[in-house]
Amino acid sequence: MSNLSAVEPPDNPARSNETGHQDHNLLELRGIRAAYERIDVLFGVDLVVPEASVVALLGPNGAGKTTTLRVAAGLHVPSAGDVLIAGRRVNGAKPEELARHGLCMIPEGRGIFPNLTVRENLRMMTYVGRSLAEIEEIAYSRFPRLAERRTQTAGTLSGGEQQMLAMARGMATEPALLILDELSMGLAPIIVAELYEMVAQVARSGVSILVVEQFASTVLGVADYAAIMVHGRIERAGRPDELAADLSKAYLGG
Ligand SMILES: Nc1ncnc2c1ncn2[C@@H]1O[C@H](COP(=O)(O)OP(=O)(O)OP(=O)(O)O)[C@@H](O)[C@H]1O
Ligand SMILES: [Mg+2]
């Protein structure tokens with residue numbers, strides 16, 4: 001069962017980096033176990049995000065997807081296992097340290113300030129050392145809709161626009177790895193498709209992406225690799241076209 005438990009490009013020889021060789025995996029989780037209080041929810045998760053790739057983590061409600069992302073971003077301390085960034089163990093690193101290593105997580109609920117305008121939300125990202133003008137340039141070139149809305153309060157943006165603003169704030173950090181949790185939450189399918197077109201553009205510019213979705217169809221069009229998580233374990237991983245049959249089983253509880 002071991003070969004089912006990791007997302008890995010078939011031609012990637014850098015599976016093990018114990019010897020300190022250059023690693024081509026931006027992020028690697030090895031044997032991650034995690035619990036809330038004393039209740040275990042992850043039971044040995046192995047997952048890799050190779051450089052310049054989009055990895056989709058799929059699975060039903062409660063499977064442990066968000067917990068896995070939180071472990072990767074340093075927001076939840078695992079009870080066992082290793083987190084590696086570019087081959088370096090970063091166990092116990094704080095979210096800010098991981099951000100300096102190029103990791104950016106867009107939190108659930110989007111992490112924007114509803115009472116501030118679009119521009120004010122972007123201005124808050126100037127702490128990364130970039131001017132507001134630069135951050136606005138990055139944001140509006142990727143998400144032109146936000147330019148039209150720059151003086152509108154974020155709470156009155158449409159759900160899709162709020163998600164664009166959240167991604168624009170993340171892009172201000174110029175991440176190497178963008179971690180997205182349920183971009184599609186509460187949004188109409190046509191908006192989700194539009195957002196994933198933007199995600200694909202971000203990916204084409206060289207940013208790796210780890211994205212969680214409960215519903216697979218749209219994200220699989222963008223993903224290089226996918227993993228199906230059920231009950232705190234990766235049940236199956238591979239190229240999207242290899243997983244189509246397994247996906248229906250995972251959702252039917254098979
Ligand atoms: N803060 C918490 N305290 C206690 N239990 C939690 C907490 N957060 C999550 N859990 C539990 O951990 C398990 C995994 O939750 P998680 O949020 O990682 O799942 P998920 O795959 O993201 O689900 P969803 O698709 O519904 O977002 C669930 O059983 C959940 O109830
Ligand atoms: Mg979740």
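**Entry 1: two residues with positive phi**

I looked up glutamate 174 and found it exposed, with a relative accessible area of 53%. I note at the outset that this is a predicted model. Glutamate 174 sits in the loop between helix 6 and strand 7. I turned to its backbone and read a positive phi of about 45°, although the residue is not a glycine. I recorded the general rule beside this value: most residues other than glycine have a negative phi.

I then looked up alanine 86, which also has a positive phi, near 50°, and is not a glycine. Alanine 86 belongs to the loop between strand 4 and strand 5. Is alanine 86 buried, partly exposed or exposed? Its relative accessibility is 39%, so I entered it as partly exposed, the class between 20% and 50%.

**Entry 2: glutamate 161**

I moved to helix 6, which covers residues 159-171 and contains glutamate 161. I counted glutamate 161 as buried because its relative accessibility is 6%, and the limit for buried is under 20%. I asked which residues it touches beyond its neighbours within four places in sequence. They are Arg145, Leu146 and Arg149.

**Entry 3: the sheet of four strands**

I traced an open sheet of four strands, in the order 2-1-4-5, with antiparallel pairing. Its edges are strand 2 (39-50) and strand 5 (88-89), each of which pairs on one side only. Within this sheet I followed strand 1 (residues 25-36) and strand 4 (residues 80-85), which run antiparallel and are joined by five bridges. I noted one particular pair: glutamate 28 has leucine 84, in strand 4, as its bridge partner.

I next examined helix 1 (residues 65-72), which lies across strand 1, strand 2 and strand 4. The helix runs at about 120° to strand 1.

**Entry 4: the sheet of six strands**

I found an open sheet formed by six strands in the order 6-7-8-3-9-10, with mixed pairing. Strand 6 and strand 10 (233-238) are the edge strands, each pairing on one side only. On average, neighbouring strands of this sheet are turned by 15° against each other, direction ignored. Helix 1 appears here too: it packs on the sheet and touches strand 3, strand 6, strand 7, strand 8 and strand 9. Its direction makes about 150° with that of strand 7.

**Entry 5: strand 7 and its partners**

I asked why strand 7 (residues 177-181) is largely enclosed by the rest of the structure. The reason I entered is that five of its five residues are buried. Leu177, Ile179 and Asp181 point one way, whereas Leu178 and Leu180 point the other way, and all are buried. I set the general pattern next to this: in a regular strand the side chains alternate between the two faces of the sheet.

I then listed the pairings of strand 7. Strand 6 (residues 103-106) pairs with strand 7 in the parallel sense over four bridges, and methionine 105 has isoleucine 179 as its bridge partner in strand 7. Strand 7 also runs parallel to strand 8 (residues 208-213), to which five bridges join it. Here isoleucine 179 is the bridge partner of leucine 210 in strand 8. From strand 7 the chain crosses through helix 7 (residues 189-204) to strand 8, in a right-handed β-α-β crossover. Helix 7 lies across strand 3, strand 7 and strand 8, and runs at about 155° to strand 8.

**Entry 6: strand 3**

I looked up strand 3 (residues 54-58) and found it mostly covered, with five of its five residues buried. Val54, Ala56 and Leu58 point one way and Val55 and Leu57 the other. Strand 3 and strand 8 run parallel, with five bridges between them; alanine 56 has valine 211, in strand 8, as its bridge partner. Strand 3 also pairs with strand 9 (residues 225-230) in the parallel sense, over four bridges. I found leucine 57 opposite alanine 227 of strand 9.

**Entry 7: ligand 1**

Which residues stand around ligand 1? I listed Tyr36, Val41, Pro60, Asn61, Gly62, Ala63, Gly64, Lys65, Thr66, Thr67 and Glu182. I then looked up distances to oxygen atoms of the ligand. A polar side-chain atom of asparagine 61 lies 2.7 Å from an oxygen atom of ligand 1, and a polar side-chain atom of threonine 67 lies 2.5 Å from one. For glycine 64 the atom is a backbone N or O, at 2.9 Å from an oxygen atom of ligand 1.

Note on methods. Residues are numbered from 1 along each chain as its sequence is written. Chains are lettered from A and ligands numbered from 1 in the order in which they are written. This is a predicted model: local features need pLDDT of at least 70, side-chain atom pairs count only at pLDDT 80 or more; totals for chains, interfaces and linings use all residues. Side-chain values use heavy atoms; hydrogens and water are left out. Two strands pair if DSSP finds at least two bridges between them. Helices (H or I, at least four residues) and strands (E, at least two) are DSSP runs, numbered from the N terminus. Contact means heavy atoms within 4.5 Å. Axes are lines fitted to C-alpha atoms, for helices over the stretch in contact, and angles run from 0 to 180 degrees between N-to-C directions. Buried means under 20% relative accessible area, exposed over 50%, partly exposed in between (1.4 Å probe, protein chains only). A crossover is right-handed if, with the strands pointing away from the viewer, the path from the first strand over the helix to the second runs clockwise. A residue is near a molecule or strand if one of its heavy atoms lies within 4 Å of it. A polar contact is a pair of N or O atoms within 3.5 Å; within protein, one must be able to donate a hydrogen and the other to accept it, and residues adjacent in sequence count only if both atoms are side-chain atoms.
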